[in-house]
Amino acid sequence: QVQLVESGGGLVQAGGSLRLSCAASGRTFSSYAMGWFRQAPGKEREFVGVISWSGGRTYYTDSVKGRFTISRDNAKNTVYLQMNSVNPEDTAVYYCAAGRVYGFPFITDYWGQGTQVTVSS
């Protein structure tokens, strides 16, 4: 069992940066690939990116490539989403998720409760 808690969301101006964190409980965190998803108002939840259990591989959806970076610190049981050059289309609730297998589509086993990111123009 893995419990995930996101933090770091808030209001940011277009062009700015924000870093989200996802803290995981459980001693098996380092064996999971970790992903980020987001859901904008009135839209379906969409995949943002994923990082392998070791942190050595990452994959992003096209709309965030070059702007967002996923990293992890297995010693702290935490995964991060660094968001740079944000724009209003990035406004959404952001969720982290854990899955046994790194890949796309990313198959998830556990979800966090989400954190709101709002980008003002």
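## A tour of the aromatic pairs

Begin by selecting tryptophan 111, a residue that is partly exposed, with a relative accessible area of 35%. Bear in mind throughout that the model is predicted.

Before going further into the side chains, switch to a cartoon of the whole protein, where eleven strands and zero helices are found, so that the pattern along the sequence reads β-β-β-β-β-β-β-β-β-β-β. The radius of gyration is 13 Å, close to the 14 Å that the globule rule gives for 121 residues, and the protein is therefore as compact as a globular protein of that length. If you orient the C-alpha trace along its principal axes, the spans come to about 40 × 25 × 25 Å. Colouring by accessibility will pick out the buried residues, which make up 44% of the 121 in the protein. Of the contacts with a separation of 6 or more, 56% join residues 24 or more positions apart.

Now show the aromatic side chains, among which eight aromatic pairs are counted. Select phenylalanine 37 and phenylalanine 106 together: their ring centres lie 6.4 Å apart with the planes at 20°, and because that angle is under 30 degrees, the pair is stacked. Phenylalanine 37 belongs to strand 4 (residues 33–39), whereas phenylalanine 106 sits in the loop between strand 9 (92–99) and strand 10 (110–111), so the pair ties together parts that are 69 residues apart in sequence. Both partners are buried, phenylalanine 37 with a relative accessible area of 9% and phenylalanine 106 at 7% relative accessibility.

Return next to tryptophan 111 and add tyrosine 95 to the selection; the centres of these two rings are 6.3 Å apart and their planes stand at 85°, so this pair is edge-to-face. Tyrosine 95 lies in strand 9 and tryptophan 111 in strand 10, which means that the contact ties together parts that are 16 residues apart in sequence. Tyrosine 95 is buried, with a relative accessible area of 12%, while tryptophan 111, as at the start, is partly exposed.

With both pairs still displayed, extend the selection to Phe47, Tyr59 and Phe104, which together with Phe37, Tyr95, Phe106 and Trp111 form one aromatic cluster.

Finally, turn on the molecular surface, whose accessible area comes to about 6,200 Å², with 48% of it belonging to carbon and sulfur atoms. Colouring the charged side chains will show 11 positive and 8 negative ones, and the centres of the two sets lie 8 Å apart.

Note on methods: Residues numbered from 1 in each chain as written. Predicted model: local features only at pLDDT ≥ 70, side-chain atom pairs only at ≥ 80, totals over all residues. Heavy atoms only, no water. Helix = DSSP H or I, 4+ residues; strand = E, 2+ residues; numbered from the N terminus. Rg over C-alpha atoms; globule rule 2.2 N^0.38 Å. Buried < 20%, exposed > 50% of the residue type's maximum accessible area, 1.4 Å probe, protein only. Contact = heavy atoms within 4.5 Å. Areas by Shrake-Rupley, 256 points an atom, 1.4 Å probe, with all protein chains shown as cover. Lys, Arg positive; Asp, Glu negative; His and termini not counted. Charge placed at Lys NZ, Arg CZ, Asp CG, Glu CD. Phe/Tyr/Trp six-rings, centres within 6.5 Å; stacked < 30°, edge-to-face > 60°.
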